[in-house]
Amino acid sequence: MDIPLTIKETQVGLKKKKFSAVELVDGYLKNIAKSDKDINSFVTVTEEVAYAQAKKADRLILDYGDKAFEDYPLLGVTVAHKDLFLTKGIRTTAGAKLLESYVPAYSATVVEKLENAGCIMLGKTNCDAWAHGSSGENSDFGPTKNPWNKKYVPGGSSSGSAAALAANMTLIATGTDTGSSVRLPASFCNLVGLKPTYGAVSRYGVIAMASSLDTVGCFGRTVDDVENIFTAIRGGDGKDSTVKTAEWQKPKAKMKLGIPKEYFIKGTDQELEKSILAAIEIYRKNGVLIKEVSLPLTKYAISAYYIIAPAEISSNLSRYDGIRYGNLRNSFADEAKRRIMLGTYVLSSGYYDAYYLKAMKVRSKIIQNFEKVFQEVDVLVAPVSPTPPFKLGEKIQDPLKMYLADIFTVPANLAGIPGLAVPCGFTDKGLSLGFQLMGPRFSENTLFALAKLFEKATNYKPKVANL
Amino acid sequence: MAKLTKTEIAHVARLAKLKITSAETDKFQKQLSKVLDYFNELDEVDTSDQEPTSQTTGLKNVFRTDEIRTSGCLSQEETLSGTDRTKNGYFVVDAVLENKDL
């Protein structure tokens, strides 16, 4: 069978009995068996759970027909969870050897919400260990490869989630975005990826990286799919006190798109920049007002981020003592050690003011930059990263070089605003291109509306890599 | 360069309960010094009139009623399920204090 590439096609097929949910699972597991030895997007495949949930879905469709899809909006949708999301009774590793045999006693809220919406879990996906990385190469279970070109990285840290979609091994996937970890892999794998507003989605049961920056996001092949997933996962659960109940911004009839000049700088890949300028031109032609704006502090976001994030990492990872669960601290690999040490250093006596306090003040100024710009425009459009996907091994020996891949994504995390990665074609060599839309807090609906406008204007068709 | 000394690396590793080898000390000294050097760019930003930001929700003092929620509680068995080192329903931990004859 041909596996459909969107939620809508999947559910139409199920309704029309073109295939059953069990047959869908057969198809995805076949693709995983065929290609994942090479791509390495899954750490654990949960075949038994998948078939049990698929049988339940088929039963519901048989008993209730189309009504089943009203009660379970994501019925029959296969999902792969980044291995940072706790799954009751199913090993959860965070991509780290330290947790190689950890089996959680409870599930993350997002995992439960998706299950309650009718999703079928296919497995747990590979990621940079503890979500530390921009390429997927920091996983203790080996790097994930980019399905569009296996010599290249899929982007990190939600590397396996993105690669699994690009390789047609799942329909949707979850991810987390602390500095770039949904948007970068989405962009490198030609997918739509959402980093929501900080506090829009509960993080209960998601292994913490940097608590003032962590957000739970998701991947799909179309804006519609991502919007549907977001609708299912957003909102509070009484278990994460950073979740805010807010009023969602409604998209305006006439929108103003800002081009922040600091995101179009020397050193940005020419092919990538050209594709984004072409996208902006499409917006202009479709009645969106375009305005150049300035976010002068952009350049400093990466330094502020790589002080604040490691500081919070060193604190969050201090709980791994090997006593209650997990292996001993000597099983941390290099990148975790670097970040723990960097964080411990910037928080230590004598350096706190110079690094951590300074970074938190720069963060305030970065937020003010965004607030000012969002008085002039509704949404910002920018590259996700300065380059298309880079080669495996290209940056792994030089941590600073790797950190700089996040230069255009970390500002949104520092400010707590949402960012949506949108695919916009391929390079001549067949590497994925994409841009991101950023808006004020709780403006997700506006981002979705603008991204859909682009899909429609370009007659976008979701694709998967031919493996 | 070499802003971080080997002593500082060792000190920070000890604070973070990480055991690192001397080869690692050399490697991390080089890599982390380079990262710290990069941070110097923040000196260019005037933050004299700024308050620090530690979170972006604007939420303050999130309370809930003081009641027992059994749904969020793990049983003793579940709590202990992550390790083999248990005794009489407790975790076994290494001794912190050494036994010295006085």
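Here is a friendly talk between a trainee and a mentor about a predicted model with chains A and B.

Trainee: Where do I start with chain A, and how many helices and strands does its secondary structure come to?

Mentor: Chain A comes to 15 helices and 11 strands. Its C-alpha trace spans about 65 × 60 × 45 Å along the principal axes.

Trainee: What does the radius of gyration tell me about chain A?

Mentor: Set the value beside the one expected for a compact globule. With 467 residues, such a globule would have a radius of gyration near 23 Å, and chain A agrees with that at 21 Å. Also, 60% of the 467 residues in chain A are buried. Take the contacts in chain A between residues at least 6 apart in sequence: 77% of them join residues at least 24 apart.

Trainee: And what is the radius of gyration of chain B?

Mentor: For chain B the value is 23 Å, whereas a compact globule of 102 residues would have one near 13 Å. The C-alpha trace of chain B spans about 55 × 50 × 30 Å along its principal axes. Of the 102 residues in chain B, 12% count as buried.

Trainee: Which pattern does chain B follow along the sequence?

Mentor: Reading along, you meet α-α-α-β-β. That is 3 helices and 2 strands.

Trainee: How many residues does each chain bring to the contact between A and B?

Mentor: Chain B brings 38 residues and chain A brings 46. On the side of chain B that touches chain A, α1 (6-15) and α2 (22-39) of chain B each supply at least two residues. The largest share of that side comes from α2(B), with 7 residues. By class, the side of chain B that touches chain A has 19 nonpolar, 12 polar and 7 charged residues.

Trainee: Can we look at one residue of α2 in chain B? Is D37(B) buried or partly exposed?

Mentor: D37(B), which lies in helix α2 of chain B, is partly exposed because 14 other C-beta atoms lie within 10 Å. Now find K3(B): it is 34 residues from D37(B) along the chain, yet their C-alpha atoms are separated by 7.5 Å.

Trainee: How do I describe two packed helices?

Mentor: You give the angle between their axes and the distance between the axes. In chain A, try helix α8 (residues 223-233) and helix α15 (residues 444-457): they pack at about 160°, with axes 9 Å apart. That angle makes α8(A) roughly antiparallel to α15(A). Their crossing is left-handed. On α8(A), the contact is made by V223(A), E227(A) and F230(A); on α15(A), by E444(A), F448(A), A451(A), K452(A) and E455(A). The residues of this contact between α8(A) and α15(A) divide into 4 nonpolar, no polar and 4 charged.

Trainee: What should I look for in the backbone, and which residues does a cis peptide bond join?

Mentor: Check omega and phi. A cis peptide bond joins G156(A) and S157(A), with omega about 10°. S157(A) sits in the loop between β3 (120-125) and α6 (159-166) of chain A.

Trainee: What is notable about the phi of N40(A)?

Mentor: N40(A) has a positive phi of about 65° although it is not a glycine. You will find N40(A) in the loop between α2 (21-39) and β1 (42-45) of chain A. N40(A) counts as buried because 21 other C-beta atoms lie within 10 Å.

Trainee: And where does K17(B) lie?

Mentor: K17(B) lies in the loop between α1 and α2 of chain B. K17(B) also has a positive phi, about 55°, and is not a glycine. With 14 C-beta neighbours inside 10 Å, K17(B) is partly exposed.

Methods:
Residues numbered from 1 in each chain as written. Chains lettered and ligands numbered in written order. Predicted model: local features only at pLDDT ≥ 70, side-chain atom pairs only at ≥ 80, totals over all residues. Axes fitted to C-alpha atoms, helices over the stretch in contact; angles between N-to-C directions. Helix = DSSP H or I, 4+ residues; strand = E, 2+ residues; numbered from the N terminus. Parallel < 35°, antiparallel > 145°, perpendicular 65-115°, else oblique. Left-handed = near helix turned anticlockwise from the far one by under 90°. Contact = placed C-beta atoms within 7 Å. Nonpolar A, V, L, I, M, F, W, Y, C, P; charged D, E, K, R; others polar. Buried ≥ 20, exposed ≤ 12 C-beta atoms within 10 Å, placed from the backbone. Rg over C-alpha atoms; globule rule 2.2 N^0.38 Å.
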